[in-house]
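Reader: Take me through one part of this protein slowly, please. I'd like to hear about the sheet and what lies against it, and then a bit about the charged side chains.

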Amino acid sequence: MTKFRAKLTFIMIVMIGCSMLIAGIFMAKVLEDSHVKSLEDNMERELRVIVATGDWSRIGSENELMAYFSQQAKRIKGVTNERLTYVRTDGKVIGDSDQEPGQMDNHLSRPEIAAAAASGVGYSTRYSDTLKEKMLYAAIPVKNEAKATIGFLRISMSLEQVDKSIRSLWYFLIVGLLILFLIAGLVSYRIAKGITHPIEKMTKVAQQITNMNYESRVPAYSNDEVGQLGLAINRMSESLQQQMARIRENERRLQGVMENMLSGIMMIDRDERIMLLNPSAENILGFSSQELLGKRYNEAKQQFEFTKLIQECIETRESIRDEMIFYYPAERILDIHLSPIAHEDEEWSGVLIVIHDITAVRRLERMRSEFVANVSHELKTPIAAVKGFAETLLAGALNDKDTAVSFLQIIFDESERLNRLIGDILELSKIESKRIPMNFSPIYLPEFLERSLHVLRKEAEKKHIELSMQVDEDMYIEADEDRLRQIIINLLSNGIAYTQDGGKVKVRVEPLDPNSDGDYERLRLIVSDTGMGIPKKDLPRIFERFYRVDKARSRISGGTGLGLSIVKHLVELHKGTIRVDSEVGIGTRFTIELPVIH
Ligand code: ADP
């Protein structure tokens, strides 16, 4: 832009300089002309004075006249310092202040003499051969009393003087011109700056807009076109700023949605490159954005079937939905939906892939059907027993009273078992569906445990099992009382069931990590026995539904295989944890940790 300013300044200076130069030349010419003109006027006036005051009609011999007029001319030159020449009408010089008239040639054809003869006064400027100088001549005719021309009086002066004054005039003119030139240059520069400065500023702002800096503005200039342009640029930049803010806001929102949604989103562009991947997709696919973004879909690390699916969608340009098992990073079942993206102006611009991890859904479905199968199987056993013994009774066993009583006892026990089983199944499905709300209340633990033990005391006494508890006086917990009781009773009755006669079953409560004041946020409930224990390989599975270590053993105890599963769910409803330690032949210990306050 300074280039433009320099150009503008240069043009202005050249224009001012040229016009000044032309004006100067004209002025010099006019001055010279008027100077010469006034010299001529002066000379004419002088001539007339000389003619009027001298005696120019004297009569005598030619030599005498020559001497006389030359002497007159010299005298006058002594006063005026101008050469004076007297020429007769026939052109013969008969008097001259500077030369010997006799040696001078005929002057009739001299332009000033000819002009004087014709119009009464004549001038001429020419180089004098006699004086070797540029001279200005003026001549007028001299007349006698009868008004007849008797000769011409001519004066001449060196133009040296005139040239000198013209030269000094030029000198002043050039100096003045130079000064004016400087001033003009400065003024031009200022004016150019005044014009180019706003344009430079606007260019800078426009550049900043290009660099996405929308904050910069053009300062307010005058109200002219340049000012208007500045205003327009400011308005444009403001509107751009607003639009960018809106776009950024939308982008942020979209980003938020993409980042927080559970579905994995992947986008493949027209060039078959992966151009978008949200965190869920990273998780599901097991690769980070850095590993995938910008790569061609078939060159990036991918499961082969997945790549094939994308390829199919690209080739057919049709939506595809498929379920796929991925083995990396862990085994998962994925629901993959691919749809071609089409914009208004083009039929195809990529593929949008939405991935759902449906592992949990499918696992749940499998568990449901397994559960149904298990339940049916569990129900079949007691029903088969009831049916079998009833049949035997009907077939004649009724007649043998002792057999009949023992068979009826078995039928009664089995229907009792059936009843328990159905009760437990209902209970478990209720707990699992989380339909019943928790009913938290403060529970005074010593009293609560005492009452729970009381329920089982009879059972324990039957097997001569020592039932005991150990709990501090002031222990409270906030819990759902009925459910907590169910937990304790299930664990204690298991302990009694799987412990031989004369064994011990014990429940103990202790605070967990108390601070220096003795306050604690969690407590530990331990139910231990000195029973037969659980083999190591079965430990991880005993909380599963219908899982029994030993079918026969359970049958004797009358267990359904659902007790521990119910306990685990109830503990989790209390935001607690349960774990089991056991050694075959020595005993089993269940440890529950619960928060004291909810
Ligand atoms: P069940 O109704 O059969 O007792 P549970 O779910 O309560 O079912 O227990 C699952 C299995 O864990 C039982 O079949 C039993 O083999 C084993 N078990 C549970 N508690 C004890 C224990 N205190 N001592 C030894 N084995 C136990």
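Author: Let's start with one pair: Ile-578 has Ile-592, in S17, as its bridge partner. That's one spot on a longer seam, where S16 and strand S17 (residues 587-595) run antiparallel and are joined by seven bridges. Strands here are DSSP runs of E, at least two residues long, while helices are runs of H or I of at least four, all numbered from the N terminus. Two strands count as paired if DSSP finds at least two bridges between them.

Before going on, a word on the source: this is a predicted model, in which local features need pLDDT of at least 70 and side-chain atom pairs count only at pLDDT 80 or more, though totals for chains, interfaces and linings use all residues. Residues are numbered from 1 along each chain as its sequence is written, and side-chain values use heavy atoms, leaving out hydrogens and water.

Now step back to the whole sheet. It is open, with five strands in the order S12-S14-S15-S17-S16 and mixed pairing. At its edges sit strand S12 (466-470) and strand S16 (577-583), each pairing on one side only. From one strand to the next, the twist averages 15 degrees.

Two helices lie across this sheet. Helix H11 (residues 445-462) covers S12, strand S14 (504-512) and strand S15 (522-529), and runs at about 175 degrees to S12. Helix H12 (residues 481-497) lies across S12, S14, S15 and S17, at about 25 degrees to S15. Contact here means heavy atoms within 4.5 Å. Axes are lines fitted to C-alpha atoms (for helices, over the stretch in contact), with angles from 0 to 180 degrees between N-to-C directions.

On to the charges: Glu-447, Arg-451, Glu-481, Asp-482 and Arg-485 are linked in a network of salt bridges. A salt bridge means a side-chain nitrogen of Lys or Arg within 4 Å of a carboxyl oxygen of Asp or Glu. The whole structure holds 35 of them.

Another one joins the side chains of Lys-537 and Asp-538, at 3.2 Å from N to O. Lys-537 is exposed, at 67% relative accessible area, whereas Asp-538 is buried at 3%. The cut-offs are under 20% for buried, over 50% for exposed and partly exposed in between, with a 1.4 Å probe and protein chains only.
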